[in-house]
Amino acid sequence: MRRHLSFFLMALLTAGLTPFVAAQDNPDPLEAGKQAFREERYADAAQIFERVAEQDPQNAEAYFLIARVYFETPLNDHKKARKAIEKALDLEPENVEFLVARLQQYRTESWNFFSERIKETRRLELSRKILKLDPENPFAHEELGTVYIRDFWRYRNAIMLPTLQYGNPSGYSRSTTGARVVDTGGGIGIDDNLIEERDPILTQLESQQTPFNPAVVNPDEVFLADQFDIDALREQGVPIRDLSARAQRAYEQAIGHLNKALEVDPRRRSVYDELMQIYALKGEYDEALEMLQELYRFFPEDPALWTYLGLTHYRLKNMDAADKSFSSAFEFMNPEVTAAYQNLDLVLPDDEKRSYKDDPVAYASRFWTSKDPRYLTPYNERKLEHYARLAYADLLYGVSELDLRGWETQRGHILVRYGVPKSDVVLVPNADGVFSARQALAGAIFSTIHGTDDQGNPVAELDVSGAESFGATFSTAAEAFEEMNAYNIWEYGPFRFVFEDPFRNGEYRMYSPSAEDVSESLTSWINDYTIRSKEVFRKTPETYEYEAPGRQIELPYLVTAFKGEAGKTDLYVHYGVPVNEYDGSKEMIEVTANTGTFLISGDRDILVERRRTIYGLKTSQIVAFEEQNLWVDTQLMQAPPGAHDVSVEFETASGNTVAIQRRAVEVPDFSGDQLGLSDIMLAYSVEETIGGESAGANEVVRDALSILPAPWSVYNLSWPIYIYFETYNLERGPDGNTDYDVEIVLAPKDQSRGISKIIKSVFGGAKGVAVSYHGSDVNTDEGLYQIIDASDQEMGLYTLVLRVRDNIAGRTAESQQDLFLEQ
């Protein structure tokens, strides 16, 4: 979690320098030093302050200024600063300004995790003491807020479970865990009477612990195969306890303290970051938006403000506002952060990274175009999701101590690729399961602490012999040890990631078994998420599932391909819009809607787009089915052959109803001179045209025929099944005419039979419908249609098979289409 010292420095500069401007008629022995401090002559200032303190040992302000000059300036001697502020507090123990300065010193980085937890305890004590003296003090409120954020983070998704790895050796019994570490003046002692006692919720949970019976657990299946499968743990009977109640309490405390800090000082910039962090963790984006309005009042050009707004609006599905917010963020970002937001390395498959490197701008444009789930909107939802993931990762997973932005950490890396996990769980070993080891470690470390180093960190010698005489544990050491054995598990459904933080520096990394684990178990590799993650990256570089605002409906559509002009293919997209109840006596359903049909190439370019606004849906275009009615329409596109994607979109002008369908299609090449056969166009009617005009607004005209295409392959048993198809490159005989045979079979779908077997079986008397005829014409390309009567068939899934044989060339072409017959 990030630490912010700047607010302490700013406030102390404001408050602490006030005495520097002393009245000239009251000579101040410190004035010369204050003047040197203002002029950035820090060595001179330190010398003057120290001389005054030596001459007047009761001058508390002199010690305070010594602490400041050695802590805030390039002189940077934290040991001298610590001793000076302690002397000032000895003289004036209830001076709030001095207490705040000491609080600032405790916020410096620690040399290890245990040291940091001790400092945290001292910061809590100082903050509570400050609030007793000054209930409105924003420094103390912010400090308590950040601590409760850490508690919320720790317990919001934590579960506690026993462990089979560690027993409770004889000679140790559980003792009271309600004590906390305090500074008693001569090192570290234990005090049971702090302002706030041990959390009663956790105490209650531990007292109600379900006894763990190893006999009901198969350790080989759970712990040695994959100990991070929570469902498997539950199935094995492992007693798992939820710690979310404690998290909720921490959340309420954090919000209360941080809001109080802003109430007193609304310009405390760091508090906004902390509030945004906990709101994001909790998913309270409405509250975040209200808070960000205040941030905008005081810091309108802060890039973090705009990325927070982008994230917040995106989570609230205010896409237009999110798009504008991220655009504003780019105006204020520095080049390094902008480059991180524009970099695609984390989401690209390996085989595309070279193309991206060769021309990143052009490739990125094509990439985002191909990933856009809705081309009808003015913004790219997938790109906004990417920006939101980056903002979220940086907010929650950055490690300021290591100068790492969130997306540079392993958890941030995973989040940018796959988004927020479906399940985010922290495994915390049960206190009973690890108590003896924890107690021994606590005793070994804290019983031998003696003084501090030059940076003010507690110094300890690891003397295990002191562990046995250590008669009681305390919460700081206990929780520290528990955290050292915690794992963060992210579930995404098809795959999972497990992280650990062995160095306690906040940079979680993929969990990998130790050498000892590998030597003891042949199956330990299953838990090596360093290896497993690489395989996931290779197979699935990124994931994204679009969720439309409002009501999302299914949009059935079929795509049929025919020979076009100039080597291109005529691609027809027939789609149906579900319609609920309507008045058939009226000519129009009063609704305004936007439709779009898009063809995207394998190189991620939009090849064709068809957009239009429809003012009313004609009831004559509605086809009634058993379960729903469909308003049917068709769009024509001229496409080059190859592998492409077709995207069909529909949205009402209000945005309350949205439909998006996208699928891969293989556009055939009809430019050759061999016998060819088009796709089968399923239809509801086929009629000869009058003067080349279509019979209806939604009908297709091909080869002087007006065809009403079907948007999906469903027919009522009582309906005739119309099909339209085209043959290409039939050869002419000596008489100048073609000679061909057509066979059409509709048979129950059977995956085990090929086309030839289907045709033979139906013509041989099996269930289904068979039609065949002979044809001849002067044209080598010919459009044909057929009406099939399936009224005597049973309901179910069928395969429609079409075979054309060129008797002159001796060649055969085949095509097939599945369809469903309903009653």
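These legends walk through close-up views of a predicted model.

In this predicted model, local features need pLDDT of at least 70 and side-chain atom pairs count only at pLDDT 80 or more, while totals for chains, interfaces and linings use all residues. Residues are numbered from 1 along each chain as its sequence is written, and side-chain values use heavy atoms, leaving out hydrogens and water.

**View 1. Strand β27 and its partners β24 and β28.** Strand β27 covers residues 796-806, and nine of its eleven residues are buried (under 20% relative accessible area, with over 50% called exposed and partly exposed in between; 1.4 Å probe, protein chains only). Helices (H or I, at least four residues) and strands (E, at least two) are DSSP runs, numbered from the N terminus. Strand β24 (residues 740-748) pairs with β27 in the antiparallel sense over nine bridges; pairing requires at least two DSSP bridges between two strands. Here Pro-748 faces Tyr-798 of β27.

**View 2. The hairpin of β27 and β28.** β28 (residues 811-822) joins β27 in the antiparallel sense through eleven bridges, with Arg-803 opposite Glu-814 in β28. Four residues lie between the strands of this hairpin, where Gly-810 has a positive phi near 75°.

**View 3. Helix α14.** Look for residues 285-298: the end C-alpha atoms are 20 Å apart, in agreement with the 20 Å expected for 14 residues at 1.5 Å a residue (the expected span is 1.5 Å times one less than the number of residues). Its buried residues include Tyr-285, Leu-289 and Phe-298. Among the elements covering the buried residues are α13 (269-282), α15 (303-315) and α20 (381-397), with contact meaning heavy atoms within 4.5 Å.
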